Amino acid sequence: LRGGIGMRRAGATGSFEGLPFSLNLQYLDLSSGVGYMYSKFRFKPYLCAVPYFGYMVRAWQIIGSDNFDLKKDKVLKNSDFGLFIIPGVRVSLNDHIALYSEYKQMVGLANIEKSSGQKLNNRGFVLNLGVAATITKQ
């Protein structure tokens, strides 16, 4: 089992009709899912599928020198949902400490654009490296 609550920031940059633009979105995410870890050896590969729900906290866009508050203007939907697909590997150093590395692919399933004829989905990825500690009661 795997779950979490956290903040996610997303965005894009480019040019629109010759002007530079940037799109910045910030979400509060809630996620919960399942996975499988092959744990026969110290080297333990795993795969998780974790659905998420996100609530938009902030959204703004800059085109040239103009700033737009997309949340206040209600241009985008406030909610997003999708799936995190997470392959990874955990390497046990001893009974209590392990190192891990995982790739977290986010696939947004909701069209967050309110305008008809337009489509905007959240997509992204994260590479996590870390240390995991197991706490046991004796």
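A salt bridge here is a side-chain nitrogen of Lys or Arg within 4 Å of a carboxyl oxygen of Asp or Glu. With that in hand, let us look at some close-up views of this predicted model.

**View 1. Arg8, Asp29 and Asp80 are linked in a salt-bridge network.** Asp80 and Arg8 form a salt bridge in which the closest N and O atoms are 3.3 Å apart. This pair connects distant parts of the chain, with Asp80 in strand 5 and Arg8 in strand 1, 72 residues apart. Arg8 also meets Asp29 in a salt bridge, at 2.6 Å from N to O. Here the partners are 21 residues apart, Arg8 in strand 1 and Asp29 in strand 2. Are Arg8 and Asp80 buried or exposed? Both Asp80 and Arg8 are buried. Arg8 has a relative accessible area of 10%, and Asp29, with 9%, is buried too.

**View 2. Glu102 and Arg2 form another salt bridge.** Their closest N and O atoms are 2.7 Å apart. Glu102 belongs to strand 6 and Arg2 to strand 1 (residues 2–16), with their positions 100 residues apart in the chain. Glu102 counts as buried because its relative accessibility is 4%, whereas Arg2, at 26%, counts as partly exposed. The structure's salt bridges come to three.

**View 3. Eight residues make up the largest nonpolar core.** They are Leu23, Leu25, Tyr27, Met56, Ala59, Leu70, Leu76 and Ile112. Strand 2 (19–37) and strand 3 (43–63) each supply at least two of these residues. Which strand gives the most? Strand 2 does, with three residues. Leu23 makes a good place to start exploring: leaving aside residues up to four places away in sequence, Leu23 touches Ala10, Gly11, Ala12, Trp60, Gln61, Leu70 and Leu120. Apart from this core lies another, of seven residues, including Tyr46, Val50, Phe84 and Met106.

**View 4. Strand 3 pairs with strand 2, strand 4 and strand 5.** Strands 2 and 3 run antiparallel and are joined by 15 bridges, with a hairpin of five residues connecting them. Along this pairing, Gln26 has Arg58 in strand 3 as its bridge partner. Strand 3 is also antiparallel to strand 5 (residues 79–92), through 13 bridges, and there Cys48 stands opposite Ile86. Four bridges join strand 3 to strand 4 (residues 66–69), again in an antiparallel arrangement, and Gln61 stands opposite Phe68. The hairpin of strands 3 and 4 has two residues between the strands, and its Gly64 takes a positive phi near 65 degrees.

**View 5. Tyr103 and Phe125 form a stacked aromatic pair.** The ring centres are 5.9 Å apart, and the planes differ by 25 degrees. Tyr103 sits in strand 6 (residues 97–108) and Phe125 in strand 7 (residues 123–133), 22 residues apart in the chain. Are these two residues buried, partly exposed or exposed? Tyr103 has 34% relative accessibility and so counts as partly exposed, while Phe125, at 61%, counts as exposed. The structure holds two aromatic pairs, of which this is one.

**View 6. Arg58 and Lys104 each lie over the face of an aromatic ring.** Arg58 lies over Trp60, at 4.2 Å from the ring centre. Lys104 lies over Phe84, at 4.5 Å from the ring centre. Both names may sound familiar: Arg58 is the bridge partner of Gln26, and Phe84 is one of the seven residues of the other nonpolar core.

Conventions: Residues are numbered from 1 along each chain as its sequence is written. This is a predicted model: local features need pLDDT of at least 70, side-chain atom pairs count only at pLDDT 80 or more; totals for chains, interfaces and linings use all residues. Side-chain values use heavy atoms; hydrogens and water are left out. A nonpolar core is a set of buried Ala, Val, Leu, Ile, Met, Phe, Trp, Tyr and Cys residues joined through side-chain atoms within 4.5 Å. Buried means under 20% relative accessible area, exposed over 50%, partly exposed in between (1.4 Å probe, protein chains only). Contact means heavy atoms within 4.5 Å. Rings of Phe, Tyr and Trp (its six-membered ring) pair if their centres lie within 6.5 Å; planes under 30 degrees apart count as stacked, over 60 as edge-to-face and the rest as tilted. A charge sits over a ring if NZ of Lys or CZ of Arg is within 6 Å of the ring centre and within 35 degrees of the ring normal. Two strands pair if DSSP finds at least two bridges between them.
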